[in-house]
Amino acid sequence: MKLITLENGLRVFFNPNDSLRSAIAGVWVASGSRYENEKNNGISHFTEHIVFKGSNTRSGFEIAEGMDEIGAYVNAYTTKEYTFYYTKALDYQIEKAADILFDMITNPRLDENDIETEKGVILEEISMCEDDPSDVCYEINEKSIFSQSGLAFEILGSRESVQNLKKEDFLSYLSQIYLPERTVIGIGGKYDEEAMLKKVKEYLSYVPEIHSWDAPAGEDGSVQDLLEDLQAPQPQEELVRRELERTMEALLGQLDDRQRLLVRLRFGMEDDVCHSLEDIGNQLGVSKERARQLEQQTIKKLKQLSAGLGLEDFLN
(Lines give C-alpha, C1' and ligand atoms only; values in the text may rest on other atoms or scores of the structure.)
Protein backbone atom coordinates (compact mmCIF):
# COMPACT_ATOMS: atom_id res chain seq x y z
CA MET A 1 0.00 0.00 0.00
CA LYS A 2 1.19 3.51 -0.83
CA LEU A 3 0.18 6.83 0.76
CA ILE A 4 0.49 10.20 -0.97
CA THR A 5 -0.41 13.37 0.95
CA LEU A 6 -1.17 16.45 -1.12
CA GLU A 7 -0.08 19.92 0.02
CA ASN A 8 -3.65 20.74 1.09
CA GLY A 9 -3.70 17.79 3.51
CA LEU A 10 -5.68 15.33 1.37
CA ARG A 11 -4.48 11.75 1.83
CA VAL A 12 -4.58 9.31 -1.10
CA PHE A 13 -4.02 5.58 -0.52
CA PHE A 14 -3.13 3.26 -3.40
CA ASN A 15 -3.47 -0.52 -3.01
CA PRO A 16 -2.76 -2.13 -6.42
CA ASN A 17 -3.63 -5.68 -7.38
CA ASP A 18 -2.85 -6.38 -11.06
CA SER A 19 -4.31 -9.88 -10.85
CA LEU A 20 -7.78 -8.29 -10.91
CA ARG A 21 -9.70 -6.85 -13.87
CA SER A 22 -11.57 -4.32 -11.76
CA ALA A 23 -10.88 -1.41 -9.42
CA ILE A 24 -12.56 0.65 -6.73
CA ALA A 25 -12.26 4.32 -5.82
CA GLY A 26 -13.57 5.46 -2.45
CA VAL A 27 -13.88 8.81 -0.71
CA TRP A 28 -14.08 8.97 3.09
CA VAL A 29 -15.09 12.32 4.61
CA ALA A 30 -15.06 13.04 8.37
CA SER A 31 -18.72 14.02 8.11
CA GLY A 32 -21.26 12.42 10.43
CA SER A 33 -23.83 13.21 13.06
CA ARG A 34 -21.16 13.65 15.78
CA TYR A 35 -20.07 16.87 14.01
CA GLU A 36 -23.59 18.29 13.89
CA ASN A 37 -25.74 20.30 16.29
CA GLU A 38 -29.44 20.27 17.18
CA LYS A 39 -30.27 22.72 14.40
CA ASN A 40 -28.61 20.86 11.52
CA ASN A 41 -28.83 17.29 12.85
CA GLY A 42 -29.13 14.94 9.88
CA ILE A 43 -27.33 17.18 7.39
CA SER A 44 -24.40 14.75 6.89
CA HIS A 45 -26.76 11.97 5.80
CA PHE A 46 -28.88 14.44 3.80
CA THR A 47 -25.75 15.67 1.98
CA GLU A 48 -24.92 12.09 1.01
CA HIS A 49 -28.38 11.87 -0.61
CA ILE A 50 -28.32 15.24 -2.32
CA VAL A 51 -24.99 14.83 -4.14
CA PHE A 52 -26.59 12.06 -6.21
CA LYS A 53 -29.20 14.54 -7.46
CA GLY A 54 -26.71 16.27 -9.72
CA SER A 55 -23.57 18.36 -9.96
CA ASN A 56 -22.93 21.70 -11.64
CA THR A 57 -21.93 19.79 -14.79
CA ARG A 58 -24.14 16.67 -14.65
CA SER A 59 -27.79 16.10 -13.79
CA GLY A 60 -28.80 13.24 -11.52
CA PHE A 61 -29.90 11.32 -14.62
CA GLU A 62 -26.56 11.94 -16.32
CA ILE A 63 -24.71 10.66 -13.24
CA ALA A 64 -26.73 7.44 -13.25
CA GLU A 65 -26.54 7.10 -17.03
CA GLY A 66 -22.80 7.77 -17.05
CA MET A 67 -22.17 5.00 -14.56
CA ASP A 68 -24.52 2.58 -16.36
CA GLU A 69 -22.85 3.19 -19.73
CA ILE A 70 -19.50 1.93 -18.42
CA GLY A 71 -20.96 -0.81 -16.23
CA ALA A 72 -19.87 0.89 -13.01
CA TYR A 73 -21.48 0.71 -9.59
CA VAL A 74 -21.74 3.74 -7.30
CA ASN A 75 -23.09 4.03 -3.78
CA ALA A 76 -22.58 5.76 -0.42
CA TYR A 77 -23.48 5.56 3.26
CA THR A 78 -23.21 7.76 6.35
CA THR A 79 -22.22 6.84 9.90
CA LYS A 80 -21.89 8.93 13.03
CA GLU A 81 -18.25 9.72 12.24
CA TYR A 82 -17.80 9.56 8.48
CA THR A 83 -19.49 9.44 5.08
CA PHE A 84 -18.20 7.01 2.46
CA TYR A 85 -18.73 7.39 -1.29
CA TYR A 86 -17.42 4.73 -3.65
CA THR A 87 -17.52 3.39 -7.19
CA LYS A 88 -16.49 0.04 -8.65
CA ALA A 89 -15.68 -0.50 -12.32
CA LEU A 90 -13.62 -2.56 -14.75
CA ASP A 91 -9.97 -1.56 -14.78
CA TYR A 92 -10.17 0.36 -18.07
CA GLN A 93 -13.27 2.30 -16.93
CA ILE A 94 -12.28 3.29 -13.39
CA GLU A 95 -10.97 6.71 -14.47
CA LYS A 96 -14.33 7.61 -16.01
CA ALA A 97 -16.18 6.32 -12.94
CA ALA A 98 -13.88 8.27 -10.61
CA ASP A 99 -14.42 11.43 -12.69
CA ILE A 100 -18.17 11.19 -12.11
CA LEU A 101 -17.73 10.35 -8.42
CA PHE A 102 -15.32 13.21 -7.68
CA ASP A 103 -17.46 15.65 -9.67
CA MET A 104 -20.67 14.90 -7.77
CA ILE A 105 -18.93 15.20 -4.39
CA THR A 106 -16.98 18.40 -5.05
CA ASN A 107 -19.55 20.22 -7.24
CA PRO A 108 -23.03 19.32 -5.94
CA ARG A 109 -25.82 21.30 -7.59
CA LEU A 110 -27.91 21.67 -4.40
CA ASP A 111 -31.11 22.46 -6.26
CA GLU A 112 -33.78 23.72 -3.86
CA ASN A 113 -36.48 21.58 -5.49
CA ASP A 114 -34.29 18.49 -5.09
CA ILE A 115 -33.74 19.35 -1.43
CA GLU A 116 -37.48 19.65 -0.78
CA THR A 117 -38.20 16.40 -2.65
CA GLU A 118 -35.49 14.50 -0.80
CA LYS A 119 -36.87 15.61 2.56
CA GLY A 120 -39.82 13.29 1.92
CA VAL A 121 -37.48 10.37 1.26
CA ILE A 122 -35.53 10.95 4.47
CA LEU A 123 -38.66 11.48 6.57
CA GLU A 124 -39.84 8.10 5.30
CA GLU A 125 -36.51 6.58 6.38
CA ILE A 126 -37.05 8.08 9.85
CA SER A 127 -40.53 6.52 9.97
CA MET A 128 -39.10 3.13 9.00
CA CYS A 129 -36.54 3.33 11.81
CA GLU A 130 -39.24 4.34 14.29
CA ASP A 131 -41.18 1.20 13.29
CA ASP A 132 -38.17 -1.04 13.98
CA PRO A 133 -37.84 -1.88 17.71
CA SER A 134 -34.14 -2.71 17.38
CA ASP A 135 -33.40 0.70 15.82
CA VAL A 136 -35.39 2.46 18.53
CA CYS A 137 -33.55 0.59 21.30
CA TYR A 138 -30.19 1.35 19.66
CA GLU A 139 -30.86 5.10 19.54
CA ILE A 140 -32.10 5.16 23.15
CA ASN A 141 -28.95 3.34 24.20
CA GLU A 142 -26.68 5.74 22.26
CA LYS A 143 -28.35 8.81 23.77
CA SER A 144 -28.07 7.33 27.24
CA ILE A 145 -24.39 6.45 26.88
CA PHE A 146 -23.15 9.57 25.10
CA SER A 147 -25.46 12.07 26.77
CA GLN A 148 -24.86 15.57 25.35
CA SER A 149 -21.89 14.76 23.11
CA GLY A 150 -22.22 14.80 19.34
CA LEU A 151 -22.39 10.99 19.30
CA ALA A 152 -25.87 11.23 20.85
CA PHE A 153 -27.30 12.69 17.63
CA GLU A 154 -29.13 10.32 15.28
CA ILE A 155 -27.61 9.84 11.83
CA LEU A 156 -30.92 10.54 10.07
CA GLY A 157 -31.64 13.59 12.22
CA SER A 158 -35.00 14.53 13.72
CA ARG A 159 -38.14 15.32 11.75
CA GLU A 160 -37.90 18.96 12.78
CA SER A 161 -34.22 19.40 11.89
CA VAL A 162 -34.61 17.70 8.50
CA GLN A 163 -37.70 19.70 7.56
CA ASN A 164 -35.96 23.00 8.43
CA LEU A 165 -32.79 22.45 6.36
CA LYS A 166 -32.28 24.99 3.56
CA LYS A 167 -29.81 25.34 0.69
CA GLU A 168 -27.78 27.83 2.75
CA ASP A 169 -27.32 25.20 5.47
CA PHE A 170 -25.77 22.78 2.97
CA LEU A 171 -23.49 25.44 1.49
CA SER A 172 -22.29 26.36 4.98
CA TYR A 173 -21.81 22.74 6.07
CA LEU A 174 -19.90 21.76 2.94
CA SER A 175 -17.53 24.72 3.31
CA GLN A 176 -16.83 23.78 6.93
CA ILE A 177 -16.71 19.96 6.82
CA TYR A 178 -15.89 18.81 3.28
CA LEU A 179 -12.27 19.89 3.54
CA PRO A 180 -9.18 18.19 2.06
CA GLU A 181 -7.60 17.47 5.45
CA ARG A 182 -10.85 15.78 6.56
CA THR A 183 -10.91 13.58 3.45
CA VAL A 184 -9.20 10.32 2.51
CA ILE A 185 -9.17 8.80 -0.97
CA GLY A 186 -8.65 5.06 -1.38
CA ILE A 187 -7.98 3.37 -4.71
CA GLY A 188 -7.59 -0.37 -5.04
CA GLY A 189 -7.44 -3.10 -7.67
CA LYS A 190 -6.01 -2.71 -11.18
CA TYR A 191 -5.57 0.88 -12.33
CA ASP A 192 -3.11 3.43 -13.74
CA GLU A 193 -1.71 5.16 -10.64
CA GLU A 194 -0.45 8.23 -12.49
CA ALA A 195 -3.79 8.75 -14.25
CA MET A 196 -5.80 8.25 -11.05
CA LEU A 197 -3.61 10.66 -9.07
CA LYS A 198 -4.05 13.23 -11.84
CA LYS A 199 -7.82 12.76 -11.61
CA VAL A 200 -7.73 13.24 -7.83
CA LYS A 201 -5.71 16.45 -8.18
CA GLU A 202 -8.09 17.74 -10.87
CA TYR A 203 -10.97 17.80 -8.40
CA LEU A 204 -9.43 17.82 -4.93
CA SER A 205 -6.17 19.78 -4.95
CA TYR A 206 -7.82 23.08 -3.94
CA VAL A 207 -7.08 24.95 -0.71
CA PRO A 208 -10.43 25.92 0.86
CA GLU A 209 -11.39 29.05 2.72
CA ILE A 210 -12.51 28.32 6.30
CA HIS A 211 -15.71 29.97 7.52
CA SER A 212 -17.06 30.33 11.05
CA TRP A 213 -19.52 27.73 12.29
CA ASP A 214 -21.41 26.50 15.37
CA ALA A 215 -19.47 24.12 17.58
CA PRO A 216 -20.98 20.60 17.84
CA ALA A 217 -22.89 20.05 21.06
CA GLY A 218 -20.89 18.60 23.92
CA GLU A 219 -17.45 19.25 22.42
CA ASP A 220 -14.70 20.94 24.42
CA GLY A 221 -13.07 24.16 23.19
CA SER A 222 -14.24 27.38 21.61
CA VAL A 223 -15.38 27.81 18.03
CA GLN A 224 -11.99 29.33 17.27
CA ASP A 225 -10.26 26.23 18.65
CA LEU A 226 -12.37 24.04 16.39
CA LEU A 227 -11.61 26.22 13.38
CA GLU A 228 -7.90 25.95 14.09
CA ASP A 229 -8.27 22.16 14.29
CA LEU A 230 -9.78 22.18 10.81
CA GLN A 231 -6.96 24.18 9.23
CA ALA A 232 -4.68 22.01 7.09
CA PRO A 233 -1.14 21.76 8.52
CA GLN A 234 1.82 22.86 6.43
CA PRO A 235 3.71 19.98 4.78
CA GLN A 236 6.75 20.28 7.08
CA GLU A 237 4.52 20.47 10.16
CA GLU A 238 2.71 17.38 8.94
CA LEU A 239 5.97 15.44 8.66
CA VAL A 240 7.00 16.46 12.17
CA ARG A 241 3.57 15.50 13.53
CA ARG A 242 3.77 12.06 11.95
CA GLU A 243 7.24 11.45 13.34
CA LEU A 244 6.01 12.39 16.81
CA GLU A 245 3.04 10.06 16.44
CA ARG A 246 5.33 7.18 15.41
CA THR A 247 7.39 7.80 18.55
CA MET A 248 4.20 7.89 20.60
CA GLU A 249 3.07 4.57 19.10
CA ALA A 250 6.33 2.97 20.25
CA LEU A 251 5.64 4.12 23.82
CA LEU A 252 2.03 2.93 23.98
CA GLY A 253 3.08 -0.66 24.59
CA GLN A 254 4.27 0.40 28.05
CA LEU A 255 0.83 1.71 29.05
CA ASP A 256 -2.21 -0.22 30.25
CA ASP A 257 -5.29 -0.66 28.03
CA ARG A 258 -7.20 2.38 29.31
CA GLN A 259 -4.16 4.64 29.08
CA ARG A 260 -3.47 3.51 25.51
CA LEU A 261 -7.06 4.20 24.43
CA LEU A 262 -7.02 7.61 26.11
CA VAL A 263 -3.82 8.65 24.32
CA ARG A 264 -5.03 7.46 20.93
CA LEU A 265 -8.35 9.26 21.28
CA ARG A 266 -7.00 12.45 22.87
CA PHE A 267 -4.23 12.99 20.31
CA GLY A 268 -6.27 11.97 17.25
CA MET A 269 -4.27 8.80 16.65
CA GLU A 270 -7.36 6.58 16.48
CA ASP A 271 -9.42 8.29 13.75
CA ASP A 272 -7.72 11.67 13.09
CA VAL A 273 -10.16 13.31 15.52
CA CYS A 274 -8.97 14.77 18.84
CA HIS A 275 -11.73 13.57 21.15
CA SER A 276 -13.04 15.61 24.06
CA LEU A 277 -12.59 14.40 27.65
CA GLU A 278 -16.35 13.97 27.91
CA ASP A 279 -16.33 11.70 24.86
CA ILE A 280 -13.35 9.74 26.19
CA GLY A 281 -15.03 9.37 29.57
CA ASN A 282 -18.11 7.95 27.85
CA GLN A 283 -16.01 5.42 25.97
CA LEU A 284 -14.10 4.42 29.11
CA GLY A 285 -17.25 4.32 31.23
CA VAL A 286 -16.07 7.02 33.67
CA SER A 287 -16.96 10.64 34.42
CA LYS A 288 -15.36 13.55 32.61
CA GLU A 289 -13.47 14.50 35.79
CA ARG A 290 -12.15 10.95 36.18
CA ALA A 291 -11.05 11.00 32.53
CA ARG A 292 -9.19 14.26 33.24
CA GLN A 293 -7.38 12.66 36.20
CA LEU A 294 -6.50 9.63 34.09
CA GLU A 295 -5.19 11.94 31.38
CA GLN A 296 -2.92 13.75 33.85
CA GLN A 297 -1.58 10.45 35.20
CA THR A 298 -0.99 9.10 31.68
CA ILE A 299 0.81 12.22 30.45
CA LYS A 300 3.00 12.18 33.55
CA LYS A 301 3.98 8.57 32.83
CA LEU A 302 4.60 9.34 29.15
CA LYS A 303 6.89 12.24 30.07
CA GLN A 304 8.91 9.89 32.26
CA LEU A 305 9.13 7.26 29.51
CA SER A 306 9.96 9.75 26.75
CA ALA A 307 12.61 11.85 28.48
CA GLY A 308 15.01 13.18 25.83
CA LEU A 309 12.89 12.04 22.85
CA GLY A 310 11.58 15.53 21.97
CA LEU A 311 7.94 14.91 22.94
CA GLU A 312 7.65 17.69 25.53
CA ASP A 313 5.74 20.17 23.33
CA PHE A 314 3.54 17.42 21.93
CA LEU A 315 2.54 16.21 25.42
CA ASN A 316 2.01 19.73 26.74
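Me: How many bridges join strand 3 to strand 6 (residues 183-189), and do the two run parallel or antiparallel?

Reply: In this predicted model, strand 3 and strand 6 (residues 183-189) run antiparallel and are joined by seven bridges. To place a single pair within that ladder, take Ile24, whose bridge partner in strand 6 is Gly188.

Me: Which strand pairs with strand 3 (residues 22-29) over eight bridges, and in which sense?

Reply: That partner is strand 5 (residues 83-90), and the pairing with strand 3 (residues 22-29) is antiparallel over eight bridges. Here Trp28 can serve as the reference point, since the residue opposite Trp28 in strand 5 is Phe84.

Me: How many helices and strands does the chain have, and what share of its residues counts as buried?

Reply: The chain contains 14 helices and six strands, and 47% of its 316 residues count as buried. Contacts add a view along the sequence: of those between residues at least 6 apart, 75% join residues at least 24 apart. As for the surface, the chain exposes about 15,900 Å², of which carbon and sulfur atoms supply 49%.

Me: What is the sign of phi at Leu110, and where in the chain does Leu110 lie?

Reply: The general idea comes before the case: most residues other than glycine have a negative phi. Leu110, although not a glycine, has a positive phi of about 55°, and its place is the loop between helix 3 (94-106) and helix 4 (112-130).

Me: Is Leu110 buried or exposed?

Reply: Leu110 counts as buried because its relative accessible area is 4%, and the cut-off for that class is under 20%.

Me: How should I read the meeting of helix 11 and helix 12, and at what angle do their axes cross?

Reply: Start with the axes, which for helix 11 (residues 257-266) and helix 12 (residues 277-284) come within 10 Å and cross at roughly 145°; the crossing of helix 11 with helix 12 is right-handed. Then turn to the residues in contact: Arg258, Leu261, Leu262, Leu265 and Arg266 of helix 11 meet Leu277, Ile280, Gln283 and Leu284 of helix 12. By class, the residues of this contact are six nonpolar, one polar and two charged.

Me: Which residues does Ser161 touch, leaving aside those up to four places away in sequence?

Reply: With those sequence neighbours left aside, Ser161 touches Glu38, Lys39 and Asn41. Ser161 itself belongs to helix 6 (residues 159-164), and it is classed as buried because its relative accessible area is 3%.

Note on methods: Residues are numbered from 1 along each chain as its sequence is written. This is a predicted model: local features need pLDDT of at least 70, side-chain atom pairs count only at pLDDT 80 or more; totals for chains, interfaces and linings use all residues. Side-chain values use heavy atoms; hydrogens and water are left out. Helices (H or I, at least four residues) and strands (E, at least two) are DSSP runs, numbered from the N terminus. Buried means under 20% relative accessible area, exposed over 50%, partly exposed in between (1.4 Å probe, protein chains only). Contact means heavy atoms within 4.5 Å. Accessible areas come from the Shrake-Rupley method with a 1.4 Å probe; for residues, only the protein chains shown count as cover. Two strands pair if DSSP finds at least two bridges between them. Axes are lines fitted to C-alpha atoms, for helices over the stretch in contact, and angles run from 0 to 180 degrees between N-to-C directions. A crossing is left-handed if the near helix is turned anticlockwise from the far one by less than a right angle, and right-handed if clockwise. Ala, Val, Leu, Ile, Met, Phe, Trp, Tyr, Cys and Pro count as nonpolar, Asp, Glu, Lys and Arg as charged, and the others, Gly among them, as polar.
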